[in-house]
Amino acid sequence: MKQRTKRNVMLSLAGMIPVAGFCACWLIPLCMTFWYAFQHSAFDLRFVGLDNFRYLLGNDYFWQGMGNLLLLGGGMIVSALLTALLTAPLLCAHPRLSGAGFAILLLPLLIPSVSAVKLWQSVFDTSSFLAPASSAASLLTLFLWKYAGVGAVLLCTALKKIPQSILDAAALDGAGAIRTYLRIRLPIAGGQLAGVLIVLTMFMFRVYKESYLLFGLYPSADVYMLQHYMNNQYLKMNLQYVAAAAVVLTAVALLLYGAGWLILRKGRWLA
């Protein structure tokens with residue numbers, strides 16, 4: 001009995017370590033961000049209610065950044081998802097080459113963004129004053145190159161878990177490869193498809209690093225995103241506006257995650 005109690009205590013202590021790390025590195029900073037969003041400033045901690053949010057909603061640069069984030073981000077997610085949907089069955093069709101394919105598709109994640117950005121800047125015009133369409137194309141292709149492969153690997157892994165007996169039965173019923181993929185394999189892998197959509201959405205919100213390296217602090221109006229606005233407010237020490245924008249961005253992210261799940265659920269992709 002004493003040995004069991006000692007073991008339970010040790011397991012509880014071991015479990016507290018990741019919980020403490022989660023609280024210290026994520027939960028507490030998040031709560032502090034929400035708290036700052038309702039203060040007058042970082043140097044005058046007076047509660048001002050929704051004043052900071054009213055300022056954001058009346059700021060043209062905030063809306064420009066939010067609009068570009070959703071527009072460009074939507075294009076990134078849709079393009080990456082379509083790329084994953086086209087690439088995953090090719091990997092499954094050639095099992096011997098899937099290992100090398102996984103390595104090639106995941107390799108961009110390991111390449112530093114600075115190295116990739118230098119190559120992209122040599123191909124696309126990322127000037128703040130010229131070719132805004134080229135700037136948007138550079139950001140979109142960089143996102144596809146770096147993150148679409150992750151979606152393809154995750155989806156391919158899910159497709160490989162489908163029992164071969166189901167595919168054989170579909171073939172006996174006369175279903176072709178395309179119809180089997182669209183009507184049988186994808187619906188069965190609906191949960192993983194939802195996971196791919198969420199992962200791509202998460203990467204979309206992290207693309208600001210590449211955007212900053214490509215265009216700097218003040219990009220052209222077509223690629224000026226909400227994170228640019230937040231960074232510029234931070235340099236001005238307007239931490240209350242940064243915190244308020246972070247709260248809005250968190251709410252938008254949660255809405256997008258929920259919308260993606262509901263769309264797949266409504267379309268009966270999920271069980």
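Which residues does R185 touch, not counting residues up to four places away in sequence? In this predicted model, R185 touches C92, L159, I162, L167 and T180. R185 is found in helix 8, which covers residues 177-188. With a relative accessible area of 15%, R185 is buried, because buried means under 20%.

The whole chain gives the setting for this residue. The protein has 12 helices and zero strands, and along the sequence the pattern reads α-α-α-α-α-α-α-α-α-α-α-α. Of its 271 residues, 38% count as buried. Among contacts with a separation of 6 or more, 72% are between residues 24 or more positions apart.

One of the residues that R185 touches, C92, also takes part in a contact between two helices. Two packed helices are described by the angle between their axes and the distance between the axes. The axes of helix 3 (residues 60-93) and helix 4 (residues 95-110) come within 7 Å and cross at roughly 140°. Helix 3 and helix 4 are therefore oblique to each other. On the side of helix 3, the contact is made by T87, L91, C92 and A93. Helix 4 contributes P95, S98, G101, F102 and L105. Sorted by class, this contact has six nonpolar, three polar and no charged residues.

Next comes the nonpolar interior. The largest nonpolar core has 61 residues. L139, F143, L155, L159 and L226 touch the most other members. Helix 3 gives the most to this core, with 12 residues. One of the five residues just named, L159, is also touched by R185. Another of them, L155, touches A84, L85, A88, Y181, L186, L193 and V196, not counting residues up to four places away in sequence. Of these, A84, L85 and A88 fall within the span of helix 3, residues 60-93, while Y181 and L186 fall within the span of helix 8, residues 177-188.

The aromatic rings can be taken by themselves. A pair of aromatic rings is described by the distance of the centres and the angle of the planes. The structure holds 10 aromatic pairs. One of them joins F38 and F53, a tilted pair with 5.4 Å centre to centre and 50° between the planes. F38 lies in the loop between helix 1 (2-36) and helix 2 (51-57), and F53 lies in helix 2, so the pair ties together parts that are 15 residues apart in sequence. F38 counts as partly exposed, at 25% relative accessibility, whereas F53 is buried, with a relative accessible area of 14%. Y147 and F203 form another pair: the ring centres are 4.4 Å apart and the planes are at 15°, so this pair is stacked. Y147 is in helix 6 (residues 132-160) and F203 in helix 9 (residues 190-205), so the pair links distant parts of the chain, 56 residues apart. Both Y147 and F203 are buried. F38 and F53 also belong to a cluster: together with F47, they form one aromatic cluster.

Further along the chain is helix 11, residues 226-235. Seven of its 10 residues are buried, so helix 11 is largely enclosed by the rest of the structure. The buried residues are L226, Q227, H228, Y229, M230, N232 and Q233. L226 is also one of the residues that touch the most other members of the largest nonpolar core.

Its neighbour Q227 lies in helix 11 and, at 8% relative accessibility, counts as buried. Leaving aside its neighbours within four places in sequence, Q227 is in contact with L69, F205 and Y208. L69 falls within the span of helix 3, residues 60-93, and F205 within the span of helix 9, residues 190-205. The C-alpha atoms of Q227 and Y212 are separated by 9.1 Å, and these two residues are 15 residues apart along the chain.

Helix 11 is followed by M237, which is found in the loop between helix 11 and helix 12 (239-266). Phi of M237 is near 65°, a positive value in a residue other than glycine. M237 is partly exposed, with a relative accessible area of 41%, whereas Q227 in helix 11 is buried.

Note on methods. Residues are numbered from 1 along each chain as its sequence is written. This is a predicted model: local features need pLDDT of at least 70, side-chain atom pairs count only at pLDDT 80 or more; totals for chains, interfaces and linings use all residues. Side-chain values use heavy atoms; hydrogens and water are left out. Axes are lines fitted to C-alpha atoms, for helices over the stretch in contact, and angles run from 0 to 180 degrees between N-to-C directions. Helices (H or I, at least four residues) and strands (E, at least two) are DSSP runs, numbered from the N terminus. Angles under 35 degrees count as roughly parallel, over 145 as roughly antiparallel, 65 to 115 as roughly perpendicular and the rest as oblique. Contact means heavy atoms within 4.5 Å. Ala, Val, Leu, Ile, Met, Phe, Trp, Tyr, Cys and Pro count as nonpolar, Asp, Glu, Lys and Arg as charged, and the others, Gly among them, as polar. A nonpolar core is a set of buried Ala, Val, Leu, Ile, Met, Phe, Trp, Tyr and Cys residues joined through side-chain atoms within 4.5 Å. Buried means under 20% relative accessible area, exposed over 50%, partly exposed in between (1.4 Å probe, protein chains only). Rings of Phe, Tyr and Trp (its six-membered ring) pair if their centres lie within 6.5 Å; planes under 30 degrees apart count as stacked, over 60 as edge-to-face and the rest as tilted.
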